[in-house]
Amino acid sequence: MLAIELIANAIPPVHTSDSIQKVFDRMAEFRVAHLPIVNEEQFLGLVSEDDLIEEPDYNSPIGAIALSLVNPYVLEEQHIYDVIRLFYERQLTVVPVLNIKKDYLGLISINSMNEYFAKLTSASEPGGIIVLEVDNKNNSLAHMSQVVESDNAQVLSSYTRTFPDSTRMEVTLKVNKQDISNILATFQRYKYDVKATFNFTDHNDNSMDRFDSFMNYLNL
C-alpha cells in the first residue's frame, strides 16, 4: 500500500495567518498534537503543540513562530512502511503527504494508521495466535504455513521480531482457527519452541482474556 491510499481529508490544514488559539482549538477538536501549515497548495511545515505552548500571545499568527520539525512528510508514492517509520521516529500524530512537486495532498492521521495496522495484522478477525521462537537459520515461513495448513487452517498474518546480540527470533502467526491444539502439537513434533498462544480455545480457556493479553503483549 502507498501513502496516497491512506490520506484522510477530515482534518484540514492550517494557514500562516491562523492564530495560535485557532490552531490549539483545531488540535483539540481532532485530538492531534500536530497540524500541517499550508498556503494554497504549498506545504510550509508541520506545527507541533510544543511549538505553540510557550508562546505568550495566543492571538499571534502561527506564521510568526519557529517550527521544531524539519521535513516531516512523505511523498505520495512512498510505501506505507515509510509512514509507519516516520510516525515512530518523530512521535507524530499526523504525517503530511506531498506530491513530487512538494505540493500538499493531505495527511495520514495516527487513527487511520491504527486502523490500517489492525487490518494488516488481521487483529479483528477471529482466530488463534501462535508465538514461536526459532533460530535465524531455521526461519522458514513456508514450512510454518505448511504446518498450519496441515490442520485445514490458513495463516492470516505473520511478523517477526529480532533481538540484539542473539541468533534467536520470534515469529508470530495469526491463523483462522481458534482451536489450535492440533497445530501446536504439530509444531512441537517438529521441535518448534512455542513461546505463547492467544485466543486458544479449550474447555478451560477464555479466548477474550487471551486476546486482551495479546494486545498488552504488543503494547497496542
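This tour goes through a helix pair and then one residue in another helix of a predicted model.

Start by selecting residues 141–149, helix α5, together with residues 181–189, helix α6. The two pack with their axes 9 Å apart, at an angle of about 135°. The pair is therefore oblique. The crossing of α5 and α6 is right-handed.

Next, show side chains at the place where the helices touch. On the α5 side, select M144, V147 and V148; these meet I183, T186 and F187 of α6. By class, this contact has 5 nonpolar residues, 1 polar residue and no charged ones.

Now keep α6 and hide α5. Which residues of α6 are buried? They are I183, L184, T186 and F187. Turn the view to look down the axis of α6: the buried residues fall within an arc of 160°, so they line one face of the helix. An α-helix has 3.6 residues a turn, so residues three or four places apart point the same way.

To see what the buried residues of α6 pack against, bring back α5 and add the strands β6 (128–135), β8 (168–175) and β9 (193–198). Then step just past the end of α6 to K191, where phi is positive, at about 70°.

Last, move to helix α3, residues 80–90, and select D82 within it. Is D82 buried or partly exposed? Its relative accessibility is 24%, and because buried means under 20%, D82 counts as partly exposed. Add L2 to the selection and draw the C-alpha to C-alpha distance: D82 and L2 are 9.2 Å apart in space, with their positions 80 residues apart in sequence.

Conventions
Residues numbered from 1 in each chain as written. Heavy atoms only, no water. Axes fitted to C-alpha atoms, helices over the stretch in contact; angles between N-to-C directions. Helix = DSSP H or I, 4+ residues; strand = E, 2+ residues; numbered from the N terminus. Parallel < 35°, antiparallel > 145°, perpendicular 65-115°, else oblique. Left-handed = near helix turned anticlockwise from the far one by under 90°. Contact = heavy atoms within 4.5 Å. Nonpolar A, V, L, I, M, F, W, Y, C, P; charged D, E, K, R; others polar. Buried < 20%, exposed > 50% of the residue type's maximum accessible area, 1.4 Å probe, protein only. Arc of directions from axis to C-beta.
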